[in-house]
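Please read the points below with the structure open beside you, and check each one as you go. They are written for someone who is new to reading protein models.

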Amino acid sequence: MSASSQTSVQTSIVVEAPIDRAFTVFTEDIGSWWPPDHHILQAELAEMVFEPHPGGHIYDRGTDGSVCRWARVLAYEPPERVVFSWDISLAWQIESDPTKTSEVEVRFVAESPQRTRVTLEHRHIDHHGEGWEQMRDAVGSPEGWGVGLRRFATRLEGVPTAGG
């Protein structure tokens with residue numbers, strides 16, 4: 001994990017999966033690898049949904065039927081690239097003002113027929129406003145995107161992830 005600039009965090013991982021499978025699991029099967037304690041939904045999590053098209057959302061649905069839409073799909077280009085907004089405020093609540101959100105770009109590059117490099121950049125973190133550095137530090141920490149990508153790699157290896 002490294003800061004590619006003061007206002008972004010970048011990390012990458014190589015996964016043992018063809019590019020198409022890596023992209024599909026990252027997007028359409030996001031709930032199978034996303035860290036179970038990384039949700040802002042008030043109810044217990046029932047499912048995590050990634051709507052696979054620009055204009056779609058990423059959202060959590062609670063066991064009580066509540067829905068928490070925490071990202072907007074900005075670009076969906078299978079199997080090479082996906083971009084989504086990070087509509088979460090510094091208080092770890094939904095941010096309804098899109099000018100105060102950041103974005104996440106994930107690129108998938110085939111290194112071989114069975115191996116894919118996944119590069120994630122969480123950028124424009126300063127759009128969150130005063131104190132944005134705390135968001136950068138949180139998502140850039142080993143327990144931020146790092147843990148998510150490790151769980152993603154484990155999921156692709158066919159190993160069940162704890163709690164997910």
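1. His 124 is found in the loop between β8 and α2, and this residue has a phi near 60 degrees, which is a positive value in a residue other than glycine. At 34% relative accessibility, His 124 counts as partly exposed, where buried means under 20% relative accessible area, exposed over 50%, and partly exposed in between, all with a 1.4 Å probe and with protein chains only. Helices (H or I, at least four residues) and strands (E, at least two) are DSSP runs, numbered from the N terminus.

2. Before going further, please keep in mind that this is a predicted model, in which local features need pLDDT of at least 70 and side-chain atom pairs count only at pLDDT 80 or more, while totals for chains, interfaces and linings use all residues. Residues are numbered from 1 along each chain as its sequence is written, and side-chain values use heavy atoms, with hydrogens and water left out.

3. As for the overall architecture, the chain has three helices and eight strands, and from the N terminus on these elements follow the order β-β-α-β-β-β-β-β-β-α-α. With 164 residues, a compact globule would have a radius of gyration near 15 Å, and the chain agrees with this because its own value is 15 Å; the radius is taken over C-alpha atoms, and the globule rule is 2.2 Å times the number of residues to the power 0.38. Taken along the principal axes, the C-alpha atoms fill a box of roughly 45 × 40 × 30 Å.

4. Buried residues make up 47% of the 164 residues in the chain. Of the contacts in the chain with a separation of 6 or more, 51% come from residues 24 or more positions apart, a contact being heavy atoms within 4.5 Å.

5. Which loop holds His 128, and is this residue buried or exposed? His 128 sits in the loop between β8 (115-123) and α2 (133-139), and it counts as buried because its relative accessibility is 9%. Its side chain reaches the backbone oxygen of Ile 88 at 3.2 Å. Leaving aside neighbours within four places in sequence, the residues in contact with His 128 include Trp 86, Leu 90, Lys 100, Thr 101 and Met 135.

6. Ser 102 belongs with the previous point, since the side chains of Ser 102 and His 128 make a polar contact of 2.7 Å. A polar contact here is a pair of N or O atoms within 3.5 Å; within protein, one must be able to donate a hydrogen and the other to accept it, and residues adjacent in sequence count only if both atoms are side-chain atoms. Ser 102 lies in strand β7 and is buried, because its relative accessibility is 2%. Not counting neighbours within four places in sequence, Ser 102 is also in contact with residues including Phe 84, Ser 85, His 122 and His 124.

7. The loop between β6 (81-86) and β7 (102-112) holds Ala 91, which counts as exposed because its relative accessibility is 56%. Trp 92 lies in the loop between β6 and β7 as well, and is partly exposed, with a relative accessible area of 37%. The phi of Trp 92 is near 60 degrees, a positive value in a residue other than glycine.

8. The backbone deserves a look at Pro 79, which is found in the loop between β5 (67-77) and β6, because the peptide bond from Pro 78 to Pro 79 is cis, with omega near -5 degrees.9. Gly 56 is found in the loop between β3 (45-50) and β4 (57-62), and it is buried, with a relative accessible area of 0%. Not counting residues up to four places away in sequence, Gly 56 touches Glu 51, Ala 71, Arg 72 and Val 73. From Gly 56 to Arg 81 there are 25 residues in sequence and 15 Å in space, C-alpha to C-alpha.

10. Glu 121 is found in strand β8, and a polar contact of 3.3 Å joins its side chain to that of Arg 123. Although Glu 121 and Ser 8 are 113 residues apart along the chain, their C-alpha atoms are separated by 6.8 Å.
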